[in-house]
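Visitor: I'm new to protein structures. Could you walk me through how to read one?

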Amino acid sequence: MPLYKSISVNSQTTVKIWKIEESYTELITPLNLKEESLSRVNAMKSQLHQRGFLSVRHLLRAFGYTDQDLFYDDNGKPHLKDGKHISITHSFTFSGVIVSDKEVGIDIEKQRDKIAVIAKKFVDYEFEYLSELDTDYINRLTVIWGIKESLYKLFATPGMLFREHFLVIPFMMEDRETVCWIDYKMKKYRYNSYFLEFEGFTCAYVLG
């Protein structure tokens, strides 16, 4: 059972990360999935996606929940029946879940050079403190994407755009945290964000 990392962010918030090493059969055998989840996993064409989906259910178990405790609203945002806030992510061979008394979002991304090609699609203000000449340019772009993806998951409002509505305050990689904002429909919302790197991946999460 490769629970890769568990992070106690504060007394109300915990992050758990899973390294997906098991086969589909090994992952699904111990689980008691509801019919809706079974249908979803069976409809997935990629076994990588199937294993990611199932590993999240193992993370739920690590928190003391089951698949039956999880449901999704009309915007696709996950919720727990006990009222705690949850956010979910999986990317290639890692998955992550954050559970808190407050609103949260989490994202795991593989670090890839091609993120520089699409940077202008999700970065605006942040270009003021970024330079393509920085040795950690790709790493910082990946953090910014992860934070904005986490904000999007937390807010779960259709029509929000990474480039226009989310901004990330300047940071260095060694900081491991920064502040981020949502600026949407004449209102501003401030959040604390945190990030870490492991095995060529970046995990970012935000707290309401």
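Guide: Let's go through a few features one by one, each with a general idea and then a case.

Visitor: What should I know before we start?

Guide: This is a predicted model, where local features need pLDDT of at least 70, side-chain atom pairs count only at pLDDT 80 or more, and totals for chains, interfaces and linings use all residues. Residues are numbered from 1 along each chain as its sequence is written, and side-chain values use heavy atoms, with hydrogens and water left out.

Visitor: Okay, backbone angles. Which phi value does Arg-176 have?

Guide: Here's the general idea: most residues other than glycine have a negative phi. Arg-176 has a positive one, near 65 degrees. You'll find Arg-176 in the loop between β8 (166–168) and β9 (177–184). By the way, helices (H or I, at least four residues) and strands (E, at least two) are DSSP runs, numbered from the N terminus.

Visitor: And is Arg-176 buried, exposed or partly exposed?

Guide: We call a residue buried under 20% relative accessible area, exposed over 50%, and partly exposed in between (1.4 Å probe, protein chains only). Arg-176 has 37% relative accessibility, so it counts as partly exposed.

Visitor: What about the phi of Glu-199?

Guide: Phi of Glu-199 is also positive, near 50 degrees. Glu-199 sits in the loop between β10 (187–198) and β11 (201–207), and Glu-199 is partly exposed because its relative accessible area is 47%.

Visitor: Next, salt bridges. How many does the structure hold?

Guide: The idea is simple: side chains of opposite charge can pair when their charged atoms come close. For a salt bridge, we ask for a side-chain nitrogen of Lys or Arg within 4 Å of a carboxyl oxygen of Asp or Glu. The structure holds 13 of them. One network of salt bridges links Lys-19, Glu-21 and Glu-199, and Glu-199 is the residue whose positive phi we just met.

Visitor: Can you show me one pair in detail?

Guide: Sure, take Arg-57 and Asp-67, whose side chains meet in a salt bridge at 3.0 Å, N to O. Arg-57 is in helix α3 (residues 47–62) and Asp-67 in the loop between α3 and β3 (70–72), so the pair ties together parts that are 10 residues apart in sequence. Arg-57 counts as buried because its relative accessibility is 3%, and Asp-67 is buried too, at 4% relative accessible area.

Visitor: Where do Lys-84 and Asp-101 lie?

Guide: These two side chains form a salt bridge at 2.5 Å, N to O. The pair links distant parts of the chain, 17 residues apart: Lys-84 is in the loop between β4 (78–80) and β5 (85–91), and Asp-101 in the loop between β6 (94–100) and β7 (104–110). Lys-84 is partly exposed at 32%, and Asp-101 is partly exposed at 40%.

Visitor: Is there a pair with one buried partner?

Guide: Try Asp-134 and Arg-140, which meet in a salt bridge at 2.9 Å, N to O. Asp-134 is partly exposed, with a relative accessible area of 26%, whereas Arg-140 counts as buried at 4%.

Visitor: Now contacts. Which residues does Asp-69 touch?

Guide: Contact means heavy atoms within 4.5 Å. Leaving aside neighbours within four places in sequence, Asp-69 is in contact with His-79, Leu-80 and Lys-81. Asp-69 lies in the loop between α3 and β3 and is partly exposed at 23%. A polar atom of the Asp-69 side chain is 2.8 Å from the backbone nitrogen of Thr-66.

Visitor: Last one: pockets. What volume does the largest pocket have?

Guide: Rolling a probe the size of a water molecule over the atoms shows where empty space is left. On a 1 Å grid over the protein atoms alone, a pocket is an open set of points where a 1.4 Å probe fits, with protein on both sides within 12 Å along at least five of seven lines; lining residues have an atom within 4 Å of a point. Grid points are joined across faces, edges and corners, and a volume is the space filled by probe spheres set on the points. The largest pocket has about 340 Å³. Its lining has 19 residues, with Tyr-72, Gly-76, Lys-77, Pro-78 and Lys-153 nearest the centre.

Visitor: Which elements supply that lining?

Guide: α3, β5 and α5 (137–155) each supply at least two residues of the lining of the largest pocket.

Key. Polar contact = N/O pair within 3.5 Å; in protein donor to acceptor, adjacent residues only side chain to side chain.
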